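Here are a few short exercises to work through with the structure open beside you. Try each one yourself before reading the solution.

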Amino acid sequence: MKKKRRFKRGEIPTASMADIAFLLLIFFLVTTTIDMDKGLGIILPAEGEEIEIKKDNILNCLINSSGNVLLGGEPIKTKDISKEIRRKIAENDKLIISVKAHEKTKYSDYIAVIDQLKMANAKRISIAEID
Amino acid sequence: MKIQRKTKVSSDIPTASMPDIIFMLLIFFMVTTVLREYSGLPVELPRAKRIEKLKSKRHTSHIWVSKEGLISIQDKLHTVENVRHVMYDIRAADPLLTVSLKADKSAKMGLISNIHNELRKADALKLNYSTKTAVE
(Lines give C-alpha, C1' and ligand atoms only; values in the text may rest on other atoms or scores of the structure.)
Protein backbone atom coordinates (compact mmCIF):
# COMPACT_ATOMS: atom_id res chain seq x y z
CA MET A 1 0.00 0.00 0.00
CA LYS A 2 1.24 3.41 -0.93
CA LYS A 3 1.48 6.13 1.70
CA LYS A 4 -0.65 9.16 1.10
CA ARG A 5 1.17 12.49 0.75
CA ARG A 6 0.16 15.04 3.35
CA PHE A 7 0.34 18.04 1.06
CA LYS A 8 -0.75 18.46 -2.45
CA ARG A 9 2.11 18.91 -4.84
CA GLY A 10 3.45 22.46 -5.20
CA GLU A 11 1.80 24.18 -2.30
CA ILE A 12 3.49 26.14 0.47
CA PRO A 13 1.75 26.06 3.82
CA THR A 14 0.59 29.61 4.56
CA ALA A 15 -0.92 29.10 7.98
CA SER A 16 2.26 30.12 9.80
CA MET A 17 2.96 33.07 7.51
CA ALA A 18 1.21 35.53 9.81
CA ASP A 19 3.25 34.32 12.76
CA ILE A 20 6.50 34.75 10.87
CA ALA A 21 5.52 38.23 9.74
CA PHE A 22 4.51 39.14 13.28
CA LEU A 23 7.83 37.96 14.59
CA LEU A 24 9.70 40.12 12.08
CA LEU A 25 7.47 43.06 12.89
CA ILE A 26 8.12 42.73 16.60
CA PHE A 27 11.85 42.42 15.95
CA PHE A 28 11.87 45.71 14.03
CA LEU A 29 9.67 47.42 16.60
CA VAL A 30 12.02 46.44 19.39
CA THR A 31 15.29 47.25 17.62
CA THR A 32 14.35 50.71 16.34
CA THR A 33 15.18 53.48 18.72
CA ILE A 34 12.87 56.41 18.40
CA ASP A 35 14.99 58.91 20.25
CA MET A 36 13.69 62.08 18.68
CA ASP A 37 16.13 64.92 18.84
CA LYS A 38 14.77 67.70 20.91
CA GLY A 39 16.12 70.94 22.14
CA LEU A 40 15.95 74.69 21.98
CA GLY A 41 15.79 76.03 18.45
CA ILE A 42 17.42 79.26 17.45
CA ILE A 43 18.15 81.02 14.18
CA LEU A 44 21.56 82.60 13.88
CA PRO A 45 21.87 85.91 12.03
CA ALA A 46 23.53 85.71 8.61
CA GLU A 47 27.13 86.75 8.29
CA GLY A 48 27.64 90.49 7.92
CA GLU A 49 24.07 91.30 8.84
CA GLU A 50 24.21 94.16 11.25
CA ILE A 51 21.23 96.32 12.00
CA GLU A 52 21.18 99.45 14.09
CA ILE A 53 18.71 99.23 16.90
CA LYS A 54 17.39 101.97 19.14
CA LYS A 55 18.85 101.85 22.60
CA ASP A 56 15.41 101.68 24.26
CA ASN A 57 14.61 98.47 22.44
CA ILE A 58 17.59 96.54 23.72
CA LEU A 59 17.62 94.66 26.98
CA ASN A 60 21.02 93.38 27.95
CA CYS A 61 21.22 90.07 29.68
CA LEU A 62 24.68 89.26 30.97
CA ILE A 63 25.77 85.94 32.41
CA ASN A 64 29.01 85.79 34.34
CA SER A 65 31.36 82.84 34.76
CA SER A 66 29.64 81.54 37.91
CA GLY A 67 26.19 81.62 36.32
CA ASN A 68 24.85 84.81 37.88
CA VAL A 69 22.60 86.85 35.63
CA LEU A 70 22.42 90.60 35.24
CA LEU A 71 19.25 91.67 33.46
CA GLY A 72 19.23 95.29 32.32
CA GLY A 73 21.76 96.19 35.01
CA GLU A 74 19.91 94.46 37.84
CA PRO A 75 21.01 91.12 39.29
CA ILE A 76 18.27 88.51 39.02
CA LYS A 77 17.74 84.85 39.87
CA THR A 78 17.64 82.59 36.82
CA LYS A 79 14.16 81.26 37.56
CA ASP A 80 12.69 84.77 37.77
CA ILE A 81 13.91 85.83 34.33
CA SER A 82 10.87 84.65 32.36
CA LYS A 83 8.47 86.61 34.59
CA GLU A 84 10.54 89.78 34.28
CA ILE A 85 10.96 89.41 30.50
CA ARG A 86 7.24 88.80 30.06
CA ARG A 87 6.53 92.02 31.92
CA LYS A 88 9.05 93.96 29.87
CA ILE A 89 7.76 92.61 26.55
CA ALA A 90 4.24 93.65 27.54
CA GLU A 91 5.57 97.18 28.00
CA ASN A 92 7.54 97.23 24.75
CA ASP A 93 6.84 94.60 22.11
CA LYS A 94 9.82 95.64 20.01
CA LEU A 95 12.19 94.60 22.75
CA ILE A 96 15.25 92.65 21.72
CA ILE A 97 16.99 90.64 24.40
CA SER A 98 20.70 90.55 23.90
CA VAL A 99 22.28 87.63 25.70
CA LYS A 100 25.95 87.91 26.44
CA ALA A 101 27.93 85.32 28.28
CA HIS A 102 31.41 85.32 29.71
CA GLU A 103 34.03 83.17 28.04
CA LYS A 104 34.12 80.78 30.99
CA THR A 105 30.36 80.59 31.54
CA LYS A 106 29.08 77.05 31.70
CA TYR A 107 26.92 75.98 28.76
CA SER A 108 24.18 74.75 31.11
CA ASP A 109 23.83 78.24 32.66
CA TYR A 110 23.45 79.71 29.20
CA ILE A 111 20.84 77.09 28.23
CA ALA A 112 18.93 77.85 31.43
CA VAL A 113 18.73 81.53 30.44
CA ILE A 114 17.69 80.75 26.85
CA ASP A 115 15.06 78.37 28.24
CA GLN A 116 13.70 81.16 30.44
CA LEU A 117 13.52 83.49 27.43
CA LYS A 118 11.66 80.83 25.46
CA MET A 119 9.26 80.43 28.37
CA ALA A 120 8.50 84.15 28.23
CA ASN A 121 7.73 83.71 24.49
CA ALA A 122 10.52 86.08 23.57
CA LYS A 123 10.94 85.89 19.81
CA ARG A 124 13.67 88.46 19.45
CA ILE A 125 16.75 86.98 21.02
CA SER A 126 20.18 88.11 20.05
CA ILE A 127 23.35 86.34 21.05
CA ALA A 128 26.20 88.74 21.48
CA GLU A 129 29.67 87.71 20.44
CA ILE A 130 32.19 87.16 23.17
CA ASP A 131 35.16 89.44 22.73
CA MET B 1 -44.09 26.88 11.85
CA LYS B 2 -40.78 28.47 12.62
CA ILE B 3 -38.98 30.30 9.85
CA GLN B 4 -35.47 29.14 9.50
CA ARG B 5 -32.59 31.41 8.67
CA LYS B 6 -31.26 30.77 5.27
CA THR B 7 -27.73 31.90 5.88
CA LYS B 8 -25.67 31.40 8.95
CA VAL B 9 -23.71 34.38 10.15
CA SER B 10 -20.16 33.30 10.54
CA SER B 11 -18.59 34.50 13.76
CA ASP B 12 -14.89 34.30 12.97
CA ILE B 13 -12.69 37.05 11.60
CA PRO B 14 -11.24 36.33 8.17
CA THR B 15 -7.55 35.69 8.62
CA ALA B 16 -6.54 35.15 5.04
CA SER B 17 -5.38 38.73 4.53
CA MET B 18 -3.65 38.95 7.90
CA PRO B 19 -0.13 38.26 6.58
CA ASP B 20 -0.57 40.98 3.99
CA ILE B 21 -1.55 43.51 6.61
CA ILE B 22 1.32 42.53 8.85
CA PHE B 23 3.78 42.67 5.96
CA MET B 24 2.58 46.12 5.12
CA LEU B 25 3.19 47.25 8.70
CA LEU B 26 6.58 45.60 8.59
CA ILE B 27 7.57 47.36 5.39
CA PHE B 28 6.33 50.66 6.80
CA PHE B 29 8.55 50.31 9.84
CA MET B 30 11.53 49.20 7.79
CA VAL B 31 11.22 52.19 5.48
CA THR B 32 10.62 54.82 8.14
CA THR B 33 13.35 53.86 10.56
CA VAL B 34 16.61 55.70 10.23
CA LEU B 35 19.47 53.92 11.86
CA ARG B 36 21.85 55.94 13.93
CA GLU B 37 24.73 56.96 11.69
CA TYR B 38 27.25 58.45 14.06
CA SER B 39 28.06 57.66 17.63
CA GLY B 40 29.59 61.02 18.60
CA LEU B 41 31.25 61.89 21.87
CA PRO B 42 30.11 61.09 25.38
CA VAL B 43 28.27 64.20 26.52
CA GLU B 44 25.91 64.99 29.32
CA LEU B 45 23.25 67.23 27.84
CA PRO B 46 21.84 70.13 29.80
CA ARG B 47 18.18 70.17 30.75
CA ALA B 48 15.52 72.60 29.55
CA LYS B 49 11.75 72.91 29.86
CA ARG B 50 10.59 74.72 26.76
CA ILE B 51 11.88 72.29 24.18
CA GLU B 52 10.80 71.60 20.64
CA LYS B 53 11.24 68.54 18.52
CA LEU B 54 13.46 68.54 15.49
CA LYS B 55 11.30 68.09 12.47
CA SER B 56 13.27 65.72 10.34
CA LYS B 57 16.11 63.40 11.13
CA ARG B 58 17.29 63.40 7.54
CA HIS B 59 17.91 67.13 7.52
CA THR B 60 19.80 67.17 10.78
CA SER B 61 23.52 67.25 11.29
CA HIS B 62 25.05 66.90 14.72
CA ILE B 63 28.00 68.62 16.28
CA TRP B 64 29.26 67.08 19.49
CA VAL B 65 31.18 69.19 21.97
CA SER B 66 32.62 67.38 24.95
CA LYS B 67 33.46 68.99 28.25
CA GLU B 68 37.16 68.87 27.40
CA GLY B 69 36.43 71.04 24.38
CA LEU B 70 36.70 68.40 21.65
CA ILE B 71 34.52 68.96 18.61
CA SER B 72 33.23 66.00 16.62
CA ILE B 73 31.29 66.13 13.36
CA GLN B 74 30.36 62.88 11.64
CA ASP B 75 32.70 60.94 13.93
CA LYS B 76 35.78 62.95 13.08
CA LEU B 77 37.46 65.35 15.45
CA HIS B 78 37.87 68.87 14.16
CA THR B 79 39.41 72.09 15.37
CA VAL B 80 37.16 75.14 15.72
CA GLU B 81 38.63 76.77 12.62
CA ASN B 82 37.84 73.67 10.61
CA VAL B 83 34.14 73.60 11.52
CA ARG B 84 33.25 76.14 8.86
CA HIS B 85 34.69 74.06 6.00
CA VAL B 86 33.05 70.85 7.16
CA MET B 87 29.70 72.49 7.82
CA TYR B 88 29.84 74.41 4.55
CA ASP B 89 30.03 71.13 2.62
CA ILE B 90 27.19 69.61 4.60
CA ARG B 91 25.12 72.76 4.19
CA ALA B 92 25.76 72.86 0.45
CA ALA B 93 24.50 69.29 0.13
CA ASP B 94 21.32 69.97 2.09
CA PRO B 95 19.67 73.39 2.02
CA LEU B 96 17.11 72.40 4.65
CA LEU B 97 19.81 71.58 7.16
CA THR B 98 19.34 72.07 10.86
CA VAL B 99 22.40 71.81 13.04
CA SER B 100 21.91 70.05 16.32
CA LEU B 101 24.50 71.08 18.85
CA LYS B 102 25.07 68.35 21.37
CA ALA B 103 27.29 70.11 23.86
CA ASP B 104 28.17 68.94 27.34
CA LYS B 105 26.58 70.98 30.08
CA SER B 106 29.94 71.99 31.48
CA ALA B 107 31.34 73.10 28.12
CA LYS B 108 32.61 76.67 28.09
CA MET B 109 30.68 79.43 26.35
CA GLY B 110 33.84 80.77 24.71
CA LEU B 111 33.98 77.65 22.57
CA ILE B 112 30.24 77.60 21.90
CA SER B 113 30.41 81.22 20.78
CA ASN B 114 33.23 80.37 18.39
CA ILE B 115 31.08 77.57 16.95
CA HIS B 116 28.24 80.08 16.49
CA ASN B 117 30.57 82.26 14.45
CA GLU B 118 31.81 79.33 12.40
CA LEU B 119 28.25 78.27 11.65
CA ARG B 120 27.39 81.79 10.56
CA LYS B 121 30.35 81.74 8.20
CA ALA B 122 29.22 78.36 6.82
CA ASP B 123 25.69 79.79 6.35
CA ALA B 124 24.22 77.04 8.54
CA LEU B 125 21.91 79.29 10.49
CA LYS B 126 19.27 76.94 11.82
CA LEU B 127 20.63 75.79 15.13
CA ASN B 128 19.18 73.61 17.81
CA TYR B 129 20.69 73.26 21.27
CA SER B 130 20.12 69.63 22.07
CA THR B 131 18.76 69.22 25.59
CA LYS B 132 17.04 66.73 27.79
CA THR B 133 13.58 67.32 29.16
CA ALA B 134 13.59 68.88 32.61
CA VAL B 135 10.98 67.87 35.14
CA GLU B 136 8.77 70.83 35.96
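**Exercise 1. Find the two faces of a helix.** Work out which side of α2(B) is buried and which is exposed, and say what covers the buried side.

*Solution.* Start with the exposed side: B:Glu81, B:His85, B:Asp89, B:Ala92 and B:Ala93 are exposed. Bear in mind that this is a predicted model. Across from them on α2(B), the buried residues are B:Val83, B:Arg84, B:Met87 and B:Arg91. These buried residues take up an arc of only 95 degrees around the axis, so they sit on the same side of α2(B). That spacing fits a general rule: an α-helix has 3.6 residues a turn, so residues three or four places apart point the same way. Last step, the cover: it includes β4 (71–73), β5 and α3 (109–121) of chain B.

**Exercise 2. Check a helix length.** Does the span of helix α2 (residues 80–93) of chain B agree or disagree with what you'd expect?

*Solution.* Take the 14 residues at 1.5 Å a residue, which should give a span of 20 Å. Now look at the end C-alpha atoms of this helix: they're 21 Å apart, so the two agree.

**Exercise 3. Place an arginine.** Is A:Arg87 buried or exposed?

*Solution.* First locate A:Arg87: it belongs to helix α2 (residues 81–91) of chain A. Then count neighbours. A:Arg87 has 10 other C-beta atoms within 10 Å, and the cut-off for exposed is 12 or fewer, so A:Arg87 is exposed. As an extra, compare A:Arg87 with A:Tyr107: the two are 20 residues apart in sequence, with 26 Å between their C-alpha atoms.

**Exercise 4. Describe where the chains meet.** How many residues of chain A are in contact with chain B, and of what kinds are they?

*Solution.* Chain A brings 38 residues into contact with 42 residues of chain B. On chain A, the elements giving two or more residues are α1 (17–31), β1 (38–43) and α3 (107–119). Sorted by kind, the chain A side has 23 nonpolar, six polar and nine charged residues.

**Exercise 5. Trace the sheet.** Which strands stand at the edges of the seven-stranded sheet?

*Solution.* Write out the order of this open, mixed sheet: β2(B)-β1(A)-β7(B)-β6(B)-β3(B)-β4(B)-β5(B). β2 and β5 (76–78) of chain B each have a single partner strand, so they are the edges. Finally, zoom in on β1(A) and β2(B): they run antiparallel, joined by two bridges, and A:Gly39 stands opposite B:Glu52.

Notes. Residues are numbered from 1 along each chain as its sequence is written. Chains are lettered from A and ligands numbered from 1 in the order in which they are written. This is a predicted model: local features need pLDDT of at least 70, side-chain atom pairs count only at pLDDT 80 or more; totals for chains, interfaces and linings use all residues. Two residues are in contact if their C-beta atoms, placed from the backbone, lie within 7 Å. Helices (H or I, at least four residues) and strands (E, at least two) are DSSP runs, numbered from the N terminus. Ala, Val, Leu, Ile, Met, Phe, Trp, Tyr, Cys and Pro count as nonpolar, Asp, Glu, Lys and Arg as charged, and the others, Gly among them, as polar. Two strands pair if DSSP finds at least two bridges between them. A residue is buried if 20 or more other C-beta atoms lie within 10 Å of its own, exposed if 12 or fewer, and partly exposed in between; C-beta atoms are placed from the backbone. The expected span of a helix is 1.5 Å times one less than its number of residues. The arc is that of the directions from the helix axis to the C-beta atoms.
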